[in-house]
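Me: Please go through this structure with me, one point at a time.

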Amino acid sequence: MILKYNFYGADTADCVPVNDKYSSIADPKMLYDMLSEIWCEYTCAPRMRLMWTPENKTLGQCSITAFLVQDIFGGEVYGILRRGGNYHCYNVVGGCAFDLTSEQFGDEKLCYENNPVQLREVHFAKEEKKQRYEYLKAELDKKLSAEYTVLKIFDDDYGCEGVPDDEEPMCSVLVTDGNGSEKWLKYPDSFLTENDIKIGSKIRITE
């Protein structure tokens, strides 16, 4: 199934991480999927919290999300001036503009050209915003530590006797997490086949 992403710039947002810590995040769409499980009332800007809902999950998340995107993919953060003097933040990487939190505006069309660069030093001068950013980043790091990439798969060696009649063929799988740590795991061969797990596949492990 091909997923449809509705955030601005989704069709061209194909940049890759410049930060090795986040090398397992394939592209901004994958990051969007992960953040969709983290964005919450707490990470929402305080002035908007009463309006935040799971159905409008990107509401009030723009600046902390944009600077986290910059941590991962590089580029610049820009801001669209809104009523009241606040800036809605988005990212430009390699000439490609995308906005992971644009869905909060519904059908409103924002202008993503000729906007000023936003500096984290200015935004994070607000302690509450800095704390929300740090929480968002910490929760993403937790997710990455539980998500593994398959590096190698080996059929277990049962010797001349072969697989015992009462046992299922097993495989040894070498995986790495988002922080570069590696570990060996055991899986039934049928599980790998049924779930189309191969080298490069992403799997989640409950510690």
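The turns below cover the sheet, the cysteines and the nonpolar cores.

Me: What kind of model is this, and which pLDDT do local features need?
Reply: Residues are numbered from 1 along each chain as its sequence is written. This is a predicted model, in which totals for chains, interfaces and linings use all residues, side-chain values use heavy atoms without hydrogens and water, side-chain atom pairs count only at pLDDT 80 or more, and local features need pLDDT of at least 70.

Me: Which strands are the edge strands of the open sheet?
Reply: The open sheet has three strands in the order 1-2-3, paired antiparallel. Strands (E, at least two residues) and helices (H or I, at least four residues) are DSSP runs numbered from the N terminus, and two strands pair if DSSP finds at least two bridges between them. Those that pair on one side only are strand 1 (76–81) and strand 3 (96–98).

Me: How many bridges join strand 1 and strand 2?
Reply: Strand 2 covers residues 87–93 and runs antiparallel to strand 1. Glu76 stands opposite Val92 in strand 2. The number of bridges between strand 1 and strand 2 is six.

Me: What angle does helix 2 make with strand 2?
Reply: Helix 2 (residues 62–73) packs on the sheet and is in contact (heavy atoms within 4.5 Å) with strand 1, strand 2 and strand 3. Axes are lines fitted to C-alpha atoms, for helices over the stretch in contact, and angles run from 0 to 180 degrees between N-to-C directions. The direction of helix 2 makes an angle with that of strand 2 of about 15 degrees.

Me: Why is Cys44 not in a disulfide, and how far is the closest cysteine sulfur?
Reply: A disulfide is a pair of cysteine sulfur atoms within 2.5 Å, and a search of the whole structure finds zero. Cys44 is buried, because its relative accessibility is 0% (buried is under 20%, exposed over 50%, partly exposed in between, with a 1.4 Å probe and protein chains only). The closest cysteine sulfur, in Cys40, is too far from that of Cys44 for a bond, at 8.9 Å.

Me: Which helix supplies the largest share of the largest nonpolar core?
Reply: A nonpolar core is a set of buried Ala, Val, Leu, Ile, Met, Phe, Trp, Tyr and Cys residues joined through side-chain atoms within 4.5 Å. The largest has 33 residues, of which Ile25, Leu31, Phe98 and Leu140 touch the most other members. Eight residues, the largest share, come from helix 2.
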